[in-house]
Amino acid sequence: MGTSIITDDIGDGSLKENNIYVDFAYILKLDEQSNLSLGLKGGITTFETNFNGFRFPEIQDDPAFNENLNNTFPNIGLGAFYSRDKFYAGLSIPNLLTSKHLENRDGITRIGAEAIHLFGMVGYVFDVNPNLKLKPSILTKMVTGTPITADFSFNVLFNNRFEAGVSYRLEDSVNAMFNISVVPALRIGYAYDYTLSNIGSFSNGSHEIFVLFDLDLWGLKKGYDKSPRFY
């Protein structure tokens, strides 16, 4: 069981979105080398806009921005993850309930619906030698009415401590990352995303710094050090 809290703030408060969810997982041991994990999540998303201070040329005044919004939407999601020592595959639907953040009201058409997304992933770990592992993977996203999106990634893990890799998202971006295991329970890293689509005219890419850590809060002794994973 776990929790996730995600906050997005766009345009200095013009649009705020908060996601608060509780996650549950159950692991089925299929045999000595493979597991099937089933997951369920539930929670709420709050959506708030603040268009005060927006300035539009008089001829382009848009009535859709005349009213601020403050809504809360419930949602549930589910997923399945199959894993072996070197192979994994998974499917997930993070939002089974569709919601309309902006809608048609008072004769004004506002578009802002959250559609159902289906994610699929697969990957494998190749042992080149005891100190070198190659980790190719593919992540796909499918949404009704839009083209399928796919991310192709290739990472290299050295000495089970240093990792670096690149990835490519179809017709959208290329990425590079590296991370290092400081101690068995702590890993830190950096990633850079360079945009290839027309958004690149307005963006020089994005930088990310991340920290990953494992905690055995209940002393179950089944954490990162007892059952290591390389994907």
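Is Arg84 buried, partly exposed or exposed, and what is its relative accessible area? Arg84 is partly exposed, at a relative accessible area of 29%. The legends below describe this residue and several other sites in a predicted model.

**Figure 1. Overview of the predicted chain.** The model is predicted, and its secondary structure consists of 15 strands and 0 helices. The chain has 231 residues, of which 22% are buried. Among contacts with a separation of 6 or more, 38% are between residues 24 or more positions apart. The chain exposes about 15,900 Å², and carbon and sulfur atoms supply 60% of this area. The number of salt bridges comes to 5, and the next three views show some of them.

**Figure 2. A salt bridge joins the side chains of Arg84 and Asp31.** Side chains of opposite charge can pair when their charged atoms come close. In this view, the N to O distance between Arg84 and Asp31 is 4.0 Å. Arg84 is placed in the loop between β4 (70–83) and β5 (87–93), while Asp31 is placed in the loop between β2 (15–29) and β3 (35–49), so the salt bridge ties together parts that are 53 residues apart in sequence. Asp31 has a relative accessible area of 36% and is partly exposed. Arg84, at 29%, is partly exposed as well.

**Figure 3. A salt bridge pairs Lys133 with Asp127.** The closest N and O atoms of Lys133 and Asp127 are 3.8 Å apart. How accessible is each partner, Lys133 and Asp127? Lys133 has a relative accessible area of 6%; because this value is under 20%, the residue counts as buried. Asp127, by contrast, is partly exposed, with a relative accessibility of 44%.

**Figure 4. Asp151 and Arg169 form a salt bridge between two strands.** The side chains of Asp151 and Arg169 meet with an N to O distance of 2.8 Å. Asp151 belongs to strand β11 (residues 149–158) and Arg169 to strand β12 (residues 162–169), and the pair links distant parts of the chain, 18 residues apart. Asp151 is buried, with a relative accessibility of 14%. Arg169 is partly exposed, with a relative accessible area of 33%. Elsewhere in the chain, Lys86, Asp127 and Lys133 are joined into one network by salt bridges that share partners.

**Figure 5. The second largest pocket has a volume of about 370 Å³.** The lining of this pocket comprises 14 residues, and those closest to the centre are Ile6, Asn19, Lys41, Pro94 and Glu114. Which strands each supply at least two residues of the lining? They are β1 (2–10), β2, β3 and β8 (117–124). The strand that gives the most to the lining is β2, with 3 residues. By class, the lining of the second largest pocket has 6 polar, 4 nonpolar and 4 charged residues.

**Figure 6. Asn159 and Glu171 each have a positive phi.** Most residues other than glycine have a negative phi. Asn159 is not a glycine, yet its phi is positive, at about 60°. This residue lies in the loop between β11 and β12, and with a relative accessibility of 40%, Asn159 is partly exposed. Glu171 is likewise not a glycine, and its phi is positive at about 55°. The place of Glu171 is in the loop between β12 and β13 (173–183). Glu171 has a relative accessible area of 70%; because this value is over 50%, the residue counts as exposed.

**Figure 7. Asn68 lies in the loop between β3 and β4.** Asn68 is partly exposed, and its relative accessible area is 33%. Which residues are in contact with Asn68, leaving aside its neighbours within four places in sequence? These contacts are with Thr49, Asn50, Phe51 and Asn52. Asn68 and Leu15 are 53 residues apart along the chain, and their C-alpha atoms are separated by 9.7 Å.

Note on methods. Residues are numbered from 1 along each chain as its sequence is written. This is a predicted model: local features need pLDDT of at least 70, side-chain atom pairs count only at pLDDT 80 or more; totals for chains, interfaces and linings use all residues. Side-chain values use heavy atoms; hydrogens and water are left out. Helices (H or I, at least four residues) and strands (E, at least two) are DSSP runs, numbered from the N terminus. Buried means under 20% relative accessible area, exposed over 50%, partly exposed in between (1.4 Å probe, protein chains only). Contact means heavy atoms within 4.5 Å. Accessible areas come from the Shrake-Rupley method with a 1.4 Å probe; for residues, only the protein chains shown count as cover. On a 1 Å grid over the protein atoms alone, a cavity is a set of points where a 1.4 Å probe fits but cannot get out, and a pocket is an open set with protein on both sides within 12 Å along at least five of seven lines; lining residues have an atom within 4 Å of a point. Grid points are joined across faces, edges and corners, and a volume is the space filled by probe spheres set on the points. Ala, Val, Leu, Ile, Met, Phe, Trp, Tyr, Cys and Pro count as nonpolar, Asp, Glu, Lys and Arg as charged, and the others, Gly among them, as polar.
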